[in-house]
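Here is a walk through the inside of a two-chain protein model, with stops at its cores, its pockets and a few individual residues. Keep the 3D view open as you read.

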Amino acid sequence: MGTVIRWLITLVLAILAGLGSALYMSGWLAFNPPGLFRTIEVDGWTSDPAIGSPAAGPYTRAYVARRGLLGLRREEAVYYLRVMDDDGQRLRENCAYVLEGGMPEARWWSVTLYAADYYLAQNDDDAQSIDQTRAMAGEDGLWRATIQATDPGDGSFWISSRNAGQFDLIYRLYNTSPAVLESPETALVTPRIIRLGCAGAAS
Amino acid sequence: MIRYLMAFILVAVGIHAATVWYLPRLAMKTAMARFEESGLTVNEIAHVPPTDETSRRVVRPSPDLLYSVCILDLSGGPVRIRAAGWDGYMSLSLFAANTDNVAAFNNSQIAGDISVTIGQNGVASVALGSERGIALIRRLAVDDASMARADAVRREGDICEGADPS
């Protein structure tokens with residue numbers, strides 16, 4: 001009887017260990033596994049060139065299935081993820097940010113805000129993204145958007161973080177240039193995320 | 001004691017590998033089931049409403065793209081898809097049951113309508129590599145006027161249907 005129980009305990013623990021480690025390393029748990037979706041990192045924006053590709057490793061494929069299902073392979077589109085502001089603080093709803101950048105080399109691009117569940121934030125503000133067709137470059141050649149939970153009402157382009165909690169941004173570039181594909185570290189134009197302040201905090 | 005340790009390692013590694021292999025297939029099955037639960041039938045085009053905060057069938061949808069989808073079931077033979085031409089960015093992409101994006105065509109490569117025949121293997125113009133999968137048409141439409149135009153275009157011209165074997 002003791003032997004049977006020892007075997008049962010061993011098998012149950014092994015199944016839990018195998019299942020738990022697989023879910024963790026594939027990014028199917030709430031917290032991020034180290035390394036995944038970080039093959040490329042440019043100014044805090046991270047990506048993996050194997051998204052959508054038959055050459056993708058099993059962990060990348062599982063990660064994308066959970067957090068970016070139906071993502072296109074890089075020849076069609078590239079996706080960059082951002083979870084921190086320029087000061088390394090987690091993006092969150094109770095803070096206000098300026099998103100600013102130049103025009104990247106792409107047929108079309110956008111930056112979209114997603115809540116922690118990987119869907120659009122549950123609000124009806126109709127202000128989830130900025131894209132190439134709506135980004136207006138200023139005299140310095142940069143476009144800007146304000147990210148915060150309420151409409152700034154100052155004429156700036158608004159991306160709403162209302163009900164987003166801790167959120168992230170996805171930077172999509174469709175039909176981008178060979179230079180961006182091959183040397184993103186030098187060729188990719190990345191938006192900055194400047195934190196203006198946070199409700200209930202000193203900064 | 002060594003027997004228990006060896007058994008633990010073997011079972012844990014096996015479960016780990018099987019789970020990592022299965023997760024993408026589970027995600028695709030779940031997505032296809034959600035589409036089918038909403039009334040979509042296989043090998044028929046379905047026009048997804050404009051993306052908003054209530055769009056929760058597939059993670060990270062773009063609110064700037066209008067999607068049409070076809071759940072592919074190639075068990076009865078190849079399937080033909082046509083994506084009607086659009087004057088902004090448009091693409092037709094094909095996803096196998098393991099999430100691989102096996103092909104993508106856009107309207108800077110192909111002028112006008114994009115038409116492909118999809119099979120499980122090389123007989124058709126595109127080999128999906130699995131019996132089931134998803135075809136997705138994306139059209140850039142960032143405002144109400146372009147959404148309405150794109151919606152009319154797709155309802156008029158998009159097709160997903162069994163390919164005539166003759």
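## A buried leucine in a loop

Leu70(A) counts as buried, at 5% relative accessibility. Keep in mind that this is a predicted model. You'll find Leu70(A) in the loop between H2 and E3 of chain A. Its backbone is worth a look too: the phi of Leu70(A) is near 70°, a positive value in a residue other than glycine.

Chain B has a residue to set beside it. Asn43(B) sits in the loop between H1 and strand E1 (46-47) of chain B, and its phi is near 60°, again a positive value in a residue other than glycine. Asn43(B) is buried because its relative accessible area, 17%, falls under the 20% cut-off.

## The nonpolar cores

In soluble globular proteins, nonpolar side chains tend to be buried together. Here, the largest nonpolar core has 43 residues, and Leu70(A) is among those with the most contacts inside it, along with Leu69(A), Leu72(A), Tyr174(A), Val69(B) and Ile134(B). Both chains chip in: helix H2 (58-67) and strands E3 (77-82), E5 (106-114) and E9 (168-176) of chain A each supply at least two residues, as do helix H1 (2-37), strand E2 (65-73) and strand E8 (132-140) of chain B. H1(B) gives the largest share, 6 residues.

Which residues does Val69(B) touch? Leaving out residues up to four places away in sequence, its contacts are Phe35(B), Leu40(B), Glu44(B), Ile45(B), Ala46(B), Val48(B), Ile134(B), Ala135(B) and Leu136(B). Apart from the largest core lies another one, of 32 residues, including Val42(A), Val78(A), Ala164(A) and Ile193(A).

## The two largest pockets

Now for the empty space. The largest pocket holds about 540 Å³. It is lined by 34 residues, and the ones closest to its centre are Val58(B), Val59(B), Arg60(B), Pro61(B) and Tyr67(B). H2, E3 and E9 of chain A and E2 and E8 of chain B each put at least two residues into the lining. Sorted by class, that lining has 21 nonpolar, 6 polar and 7 charged residues.

The second largest pocket comes in at about 350 Å³. Of its 18 lining residues, Asp126(A), Gln128(A), Pro63(B), Val142(B) and Asp144(B) lie nearest the centre. This lining divides into 8 nonpolar, 3 polar and 7 charged residues.

## Asn101(B), fully tucked away

Is Asn101(B) buried or exposed? It is buried, with a relative accessible area of 0%. Asn101(B) belongs to strand E5 (residues 101-106) of chain B. What does its side chain reach? One partner is the backbone oxygen of Ala103(B), at 2.9 Å; the backbone oxygen of Leu94(B) lies 3.2 Å from a polar atom of the Asn101(B) side chain.

Beyond residues up to four places away in sequence, Asn101(B) touches Gly52(A), Gly71(A), Leu72(A), Arg73(A), Ser93(B), Leu94(B) and Phe95(B).

## Arg34(B) on helix H1

Arg34(B) is part of helix H1 of chain B. It counts as partly exposed because its relative accessible area of 35% lies between the 20% and 50% cut-offs.

Setting aside residues up to four places away in sequence, Arg34(B) touches Tyr119(A), Arg56(B) and Arg57(B). Arg34(B) and Arg56(B) are 22 residues apart along the chain, and 9.4 Å separates their C-alpha atoms.

Key:
Residues numbered from 1 in each chain as written. Chains lettered and ligands numbered in written order. Predicted model: local features only at pLDDT ≥ 70, side-chain atom pairs only at ≥ 80, totals over all residues. Heavy atoms only, no water. Core = buried A, V, L, I, M, F, W, Y, C linked by side-chain atoms within 4.5 Å. Buried < 20%, exposed > 50% of the residue type's maximum accessible area, 1.4 Å probe, protein only. Helix = DSSP H or I, 4+ residues; strand = E, 2+ residues; numbered from the N terminus. Contact = heavy atoms within 4.5 Å. 1 Å grid on protein atoms, 1.4 Å probe; cavity = no way out; pocket = protein on both sides within 12 Å on 5 of 7 lines; lining within 4 Å. Points joined across faces, edges and corners; volume = space filled by probe spheres on them. Nonpolar A, V, L, I, M, F, W, Y, C, P; charged D, E, K, R; others polar. Polar contact = N/O pair within 3.5 Å; in protein donor to acceptor, adjacent residues only side chain to side chain.
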